[in-house]
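Q: Can you walk me through this one? I'd like to start with the sheet.

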Amino acid sequence: MTPVSPLLQILDAIEDPADGRPLVAPAMRWEVGRGDRGATVQGTTGFTFSAEWAGQVRVRAEAALAARGEALESFALRPRIAAHAVQGSLSPHPRIRNVIAIGSGKGGVGKSTTAVNLALALQKLGARVGVLDADVYGPSVPAMLGLSGRPESPDGKSIEPMRAFGIEAMSIGLLVDQDTPMIWRGPMATSALMQLFTDTLWGDLDYLVVDLPPGTGDIQLTLAQKIPVAGAVVVTTPQEIATLDARKAVSMFNKVEVPVLGIVENMAVHVCSNCGHSEHVFGQGGAQAMAERYGVPLLGSLPLDLRIREQGDAGAPVVAAAPESAPALAYLAAAQAMATELARRPRASIPIASTLA
C-alpha cells in the first residue's frame, strides 16, 4: 500500500471542480489516515462550499486514490474560515474575519443587487455574514432586504445591526428618513461611513460585504486607508463602456494595495421566458477579456433576469426568495468562487478564531 505522505501528494493534485486549479494550502489542507478498509481522508477548506461541490471533490479524490491502488474508506470536508491579510498596517476587525468590498467604476451595473445577493449566498453556504451599505448618498440595501424602522442603541453610542434573511445589515438609510437627501461634503460622508463600520455592534462574522458607491472617490479612499479590507470584487456589465470604467476600479484597488479577488459580470445574457432564446443584450466577452488583462478570475456571469429585479424591488432578493432558481444558483457559484479566491490569499498575522469548525 502507498505510504501516507504520498497520499497527501495525490490529494494536493486534485483540481477544484469549479475552476480547475489545485486544491492546496492555504485554501485546502488535507489529513490522511489508515482505516481497516483503506484511506481515511479529511479536508479542511478555508471557504464555504455547496454540498454538490463537496460531492464532486469526493468523486475526484476517490478516483485519484484508486488510480494508485488505494481504496477510500471515509471522506469528509469541513470549512474553517480564517482572517486574511489586509492592506497596509491595518489589522482585521476583532469580530469580523474578512471585509470584502464590492465596487464598480460606474453606476447602473447592478452592484448593490450583486453585493446583497453575494452576501446572502455566502450565508446559504454556511457562513456568518453581514452587509454594510457604504453608499451614504444613495443607500439601497434596506429596501433590497425589506428592512424598515430604526436600529436600536443599547448605550446611546453604539448601534445594533438589523437582521434579514439570516444576515446582519447596517446602512445610513436606516438612520434617516427615506426621502431625506444626503447633501454632505466628502468629510461628512466618510465620517458617516466610519461610524457605521466602527459603532455597529457586529456579531462574530466570517464575512462583511461592503457595498461601495460607484466611482473612485472619497468613500473608496477612506475604505482603503482606514477599514481593514481583505479583498475586493469589481462588478461590471459586458459592454465596452462599462468595462472601461470598471478597469479604473481595478486599478484603484491595486494602487491602494487591496487585492482584487475577481470580477463579476452582471446582465451577461438574457434568456427569453417564453421561447428560451438566449441573447447577449449588452455584448459578450467584455468581462472575460478584462479579467485576463488584469490577471484576476472571472468569478461569475450573472443573467439579465426579470426575477432578480422583481425580488430586489420586493425586498426579498432572489437568493433568499428563490434559492433553486437559475439566477440564485449563479450567485451561489460566484460567492463560492469569491470565497475560494480569498482563501488562497495569505492569512492575517494575528489569527481570529473561526465560527466554522
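Q: What order do the eight strands of the open sheet take?
A: The order is β6-β7-β5-β8-β4-β9-β10-β13, with mixed pairing. Strands are DSSP runs (E, at least two residues), numbered from the N terminus. Two strands pair if DSSP finds at least two bridges between them.

Q: Is this predicted, and what are the ground rules?
A: The model is predicted: local features need pLDDT of at least 70, side-chain atom pairs count only at pLDDT 80 or more, and totals for chains, interfaces and linings use all residues. Residues are numbered from 1 along each chain as its sequence is written, and side-chain values use heavy atoms, leaving out hydrogens and water.

Q: Back to the sheet. Which strands stand at the edges?
A: β6 (162–164) and β13 (298–301). Each has a single partner strand, so one side of each lacks a neighbour in the sheet.

Q: How do β5 and β8 run, parallel or antiparallel?
A: Parallel. Five bridges join β5 (residues 129–133) to β8 (residues 205–211). Val-131 has Val-209 of β8 as its bridge partner.

Q: New topic: helix α2. Which of its residues are buried?
A: Trp-53, Ala-54, Val-57, Ala-61 and Leu-65. Buried means under 20% relative accessible area, exposed over 50%, partly exposed in between (1.4 Å probe, protein chains only). Helices are DSSP runs too (H or I, at least four residues).

Q: Why are they on the same side of α2?
A: Because they cover an arc of only 100 degrees around the axis. That arc is taken from the directions from the helix axis to the C-beta atoms.

Q: What does the face turned away carry?
A: The exposed residues Glu-52 and Val-59.
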